[in-house]
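Me: I should like a close look at one part of this model, with each term explained as it arises. Please take the pairing of strands as the subject and describe it in full.

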Amino acid sequence: MAKAENVVVKEISPPERWREVQREVGIIGNSESIRQLLETIDQIAPTDISVLITGESGTGKELVAKAIHLRSRRRDHPLITVNSGAIPEGILESELFGHEKGSFTGAVGPRKGYFELADKGSIFLDEIGDLPLTIQVKLLRVLEEREFMRVGGTTVHKVDVRFITATNKDLEAEVRKGNFREDLYYRLNAMHIHVPSLRERKEDIPILVKKFAQDFCRENHIEFAGFTDGAMHYLQQYHWPGNIRELRNLVEKVIVLERGNLITEYNIQKYLKLTDHDNKHLPVPLNKPKEELEREFLLRALLEIKTEIAQLRELILTGMRPQYHLGPWREEVHTIYTEEQQPEGEPEKSKSSSSVAEMEKKLIQETLMKTGGNKRKAAKLLGLSERTLYRKINKYGLR
Ligand SMILES: Nc1ncnc2c1ncn2[C@@H]1O[C@H](COP(=O)(O)OP(=O)(O)OP(=O)(O)O)[C@@H](O)[C@H]1O
Ligand SMILES: [Mg+2]
């Protein structure tokens with residue numbers, strides 16, 4: 001038997017373990033808040049405790065969920081990610097819990113749901129705040145009893161799954177409003193992780209930019225001259241409402257459109273203006289005199305108004321206005337959208353309906369560009385439910 005002093009135990013220090021998490025999942029950053037995040041992940045991952053991840057859109061909630069799964073004893077089993085907001089309500093229950101043959105029209109055979117697929121692994125329920133109350137009841141049962149029944153079934157299925165959930169809604173407020181069950185909230189919130197927004201850890205911006213630029217250029221075989229210090233400084237002044245997702249989109253866009261050039265703050269200003277629709281989030285260059293800044297703000301505000309007037313004019317000129325009962329213009333757009341729900345493959349679309357479809361496609365495309373690809377924000381701007389927007393995106397083959 002080996003003596004205790006001869007046994008070499010390979011101790012890995014906590015910071016080393018955090019770096020492993022960073023490498024495995026690609027959570028980049030050296031700020032204090034990121035270090036704390038990595039430490040929490042490292043502490044809770046090996047347990048089976050349910051985790052609720054909160055944070056603004058694009059902050060990396062899904063990455064954190066992956067990290068928790070990968071650092072857990074469940075890592076060799078599946079991590080099933082479910083975007084609760086994007087699945088049509090009518091099929092959500094059968095998607096989650098599966099169904100038996102003949103339980104509804106189209107159920108031609110029995111089918112496993114996500115819970116069964118996630119057995120022994122983890123389930124990541126994204127946008128948990130969008131779950132209808134009927135599903136919340138069933139979810140509570142899975143959490144408490146670790147069992148459920150398929151839609152149309154009578155057999156009780158046991159399941160061994162770890163719950164990871166995420167939301168960017170204020171769930172406590174949803175509980176107060178009666179939209180979210182309190183008992184479920186406390187169950188899911190056994191452990192809470194808040195992912196900080198990018199504006200709270202601006203010191204991470206240069207390292208993120210470099211990594212995104214390197215990855216993108218390598219994957220796309222692009223020669224890249226780099227960003228100037230001024231450009232980095234400018235990026236650090238910006239408010240980043242779309243967080244890391246917006247930063248990544250911007251870096252990739254600038255690299256493509258400024259191919260081969262050294263990227264300066266002037267190059268970046270061009271693109272931030274394009275993706276920005278909210279004046280209070282406009283970047284503020286700090287090195288300019290007050291009068292110049294004010295003039296710049298006014299000019300940008302005017303530009304925004306001009307764009308919106310142009311969009312309104314387009315709507316009016318294409319004959320939308322007289323056809324519908326009007327509310328505020330966003331509702332008007334909504335009316336157009338719901339009106340457009342024709343059966344797929346309808347023969348001989350009239351000219352006006354195809355131009356409506358084209359306009360709809362264009363508007364969705366533009367709004368997605370404005371929001372840096374963030375579908376939830378785009379849906380909100382367009383006055384659509386997220387589900388309807390997903391359907392439209394698929395219908396028009398948009399990316
Ligand atoms: N710390 C990070 N390091 C590197 N990339 C990151 C980091 N955090 C997020 N990202 C990247 O940013 C993008 C958005 O991340 P993710 O989808 O995890 O955000 P989210 O919080 O789930 O957003 P949403 O609420 O909109 O679903 C992804 O491409 C992700 O890889
Ligand atoms: Mg997400």
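Reply: Strand β2 pairs with strand β3 (residues 122-126) in the parallel sense over five bridges. Strands here are DSSP runs of E with at least two residues, helices are runs of H or I with at least four residues, and both are numbered from the N terminus. Two strands count as paired if DSSP finds at least two bridges between them. In general, strands of a sheet pair through backbone hydrogen bonds, either parallel or antiparallel.

The model is a predicted one, in which local features need pLDDT of at least 70 and side-chain atom pairs count only at pLDDT 80 or more, while totals for chains, interfaces and linings use all residues. Residues are numbered from 1 along each chain as its sequence is written, and chains are lettered from A and ligands numbered from 1 in the order in which they are written.

Individual residues show how β2 and β3 are matched. L79 stands opposite S122 in β3, and the bridge partner of N83 is D126, also in β3. Strand β3 pairs with strand β6 (residues 162-167) as well, again in the parallel sense, over four bridges. Here I123 stands opposite F163 in β6.

These pairings belong to an open sheet of five strands, whose order is β2-β3-β6-β1-β7, with parallel pairing. Its edge strands are β2 (79-83) and β7 (191-194), each of which pairs on one side only. On average, neighbouring strands of this sheet are turned by 20 degrees against each other, direction ignored. Such angles are taken between axes, which are lines fitted to C-alpha atoms (for helices over the stretch in contact); angles run from 0 to 180 degrees between N-to-C directions.

How, then, is β3 placed in the rest of the structure? Five of the five residues of β3 are buried, so this strand is largely enclosed by the rest of the structure. A residue is called buried if 20 or more other C-beta atoms lie within 10 Å of its own, exposed if 12 or fewer do, and partly exposed in between, with C-beta atoms placed from the backbone. Both faces of β3 are covered: on one side S122, F124 and D126 are buried, and on the other I123 and L125 are buried.

Helix α3 (61-70) offers a further example of burial. Seven of the 10 residues of α3 are buried, so this helix is also largely enclosed by the rest of the structure. The buried residues in α3 are K61, V64, A65, K66, A67, I68 and H69.
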